[in-house]
Amino acid sequence: MATPFFVGCGVAAGAMALRGALHLAQHVKVPNMASNMGAAAPNWQAASAAAQKLYVDAASRLKGGSPGGFEKQMTRREAASILGIKESAAKNEVKEAHRRMMILNHPDKGGSPFIATKINEALDQLSNRAKRSSAF
């Protein structure tokens with residue numbers, strides 16, 4: 001009789017501890033590891049930037065941000081971020097960045113159809129093309 005009671009108390013305590021940890025994680029700043037490494041391998045800078053982006057994405061989801069980090073209406077800034085280029089990139093740079101991203105994320109090669117749609121939408125946004133119909 002007492003066992004279910006203690007199991008319930010354990011689950012409740014674990015849930016409260018997890019809630020406290022998530023609350024604390026919202027207020028912790030991620031240190032910039034690249035600046036602490038000095039002139040070490042440049043891959044550390046890329047890894048640090050990727051880790052910070054993942055942390056920011058997770059924190060925005062906890063605060064009620066959009067899932068996946070995408071805005072409802074794609075902006076030029078978001079499009080450039082998806083393709084990994086500047087907003088003011090030339091059309092040939094946009095086209096090349098789109099090609100690189102589609103090679104990596106094409107649904108026929110195991111990529112997500114949703115991500116492929118976002119990459120195509122980013123191309124349309126940056127190249128000022130007429131909007132394609134979207135499946136999502």
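Start by selecting G84: this glycine comes after α4, and its phi is positive, near 75°. Keep in mind as you look around that the model is predicted.

**The whole chain**

Now zoom out and colour by secondary structure. You should find 6 helices and 0 strands in the protein chain, in the order α-α-α-α-α-α along the sequence. Switch on a surface next. The accessible surface comes to about 10100 Å², and carbon and sulfur atoms account for 62% of that area. Of the 136 residues, 19% count as buried. If you draw contacts between residues at least 6 apart in sequence, 41% of them join residues at least 24 apart.

**Helix α4**

Go back to the helix that G84 follows, and select residues 76-83, which make up α4. Which residues of α4 are buried? Show side chains for E78, A79, A80, I82 and L83, and you have them. Add α5 (91-105) and α6 (113-126) to the view, since the buried residues of α4 pack against these two helices.

**R76 and its partners**

Select R76, which is found in α4. Is R76 buried or exposed? Neither label fits: R76 is partly exposed, because its relative accessible area is 30%, and partly exposed covers the range between the 20% cut-off for buried and the 50% cut-off for exposed. Leaving aside neighbours within four places in sequence, R76 is in contact with E87, Q125, L126 and N128.

Two backbone oxygens are worth a distance label here. The one of E87 lies 3.2 Å from a polar atom of the R76 side chain, and the one of Q125 lies 3.3 Å from a polar atom of that side chain. For a backbone reference, draw a line from the C-alpha of R76 to the C-alpha of K86: the two residues are 10 apart in sequence and 9.4 Å apart in space.

Move on to E87 itself, in the loop between α4 and α5. E87 has a relative accessibility of 36% and so counts as partly exposed. Beyond its neighbours within four places in sequence, E87 is in contact with R76, R77, A80 and L126. A C-alpha line from E87 to T75 spans 9.9 Å, with their positions 12 residues apart in sequence numbering.

**α5 against α6**

Hide everything but α5 and α6. How do you describe two packed helices? By the angle between their axes and the distance between the axes. Here the angle is about 175° and the axes are 10 Å apart. That makes α5 roughly antiparallel to α6, because angles over 145 degrees count as such. To see the contact, show V94, H98, M101, M102 and N105 on α5, together with I115, A116, I119, N120, L123 and L126 on α6.

Centre on H98, in helix α5. H98 has a relative accessible area of 14%, so this histidine is buried. Not counting residues up to four places away in sequence, H98 touches L83, I119, N120 and L123. The C-alpha atoms of H98 and I119 are separated by 6.8 Å, although these residues are 21 apart along the chain.

**Along α6 and past its end**

Select T117, found in helix α6. With a relative accessible area of 21%, T117 is partly exposed, because buried means under 20%. The backbone oxygen of P113 lies 2.8 Å from a polar atom of the T117 side chain. Look also towards H106: T117 and H106 are 11 residues apart along the chain, and their C-alpha atoms are separated by 9.6 Å.

Then step to S127, in the segment after α6. S127 counts as buried, because its relative accessibility is 15%. Where does the side chain of S127 find a backbone oxygen? At L123, whose backbone oxygen lies 2.6 Å from a polar atom of the S127 side chain.

**Last stop: a ring pair**

Finish with F5 and F6, both exposed. The count of aromatic pairs comes to 1. The ring centres of F5 and F6 are 5.6 Å apart and the planes stand at 70°, so the pair is edge-to-face.

Technical notes. Residues numbered from 1 in each chain as written. Predicted model: local features only at pLDDT ≥ 70, side-chain atom pairs only at ≥ 80, totals over all residues. Heavy atoms only, no water. Helix = DSSP H or I, 4+ residues; strand = E, 2+ residues; numbered from the N terminus. Buried < 20%, exposed > 50% of the residue type's maximum accessible area, 1.4 Å probe, protein only. Contact = heavy atoms within 4.5 Å. Areas by Shrake-Rupley, 256 points an atom, 1.4 Å probe, with all protein chains shown as cover. Polar contact = N/O pair within 3.5 Å; in protein donor to acceptor, adjacent residues only side chain to side chain. Phe/Tyr/Trp six-rings, centres within 6.5 Å; stacked < 30°, edge-to-face > 60°. Axes fitted to C-alpha atoms, helices over the stretch in contact; angles between N-to-C directions. Parallel < 35°, antiparallel > 145°, perpendicular 65-115°, else oblique.
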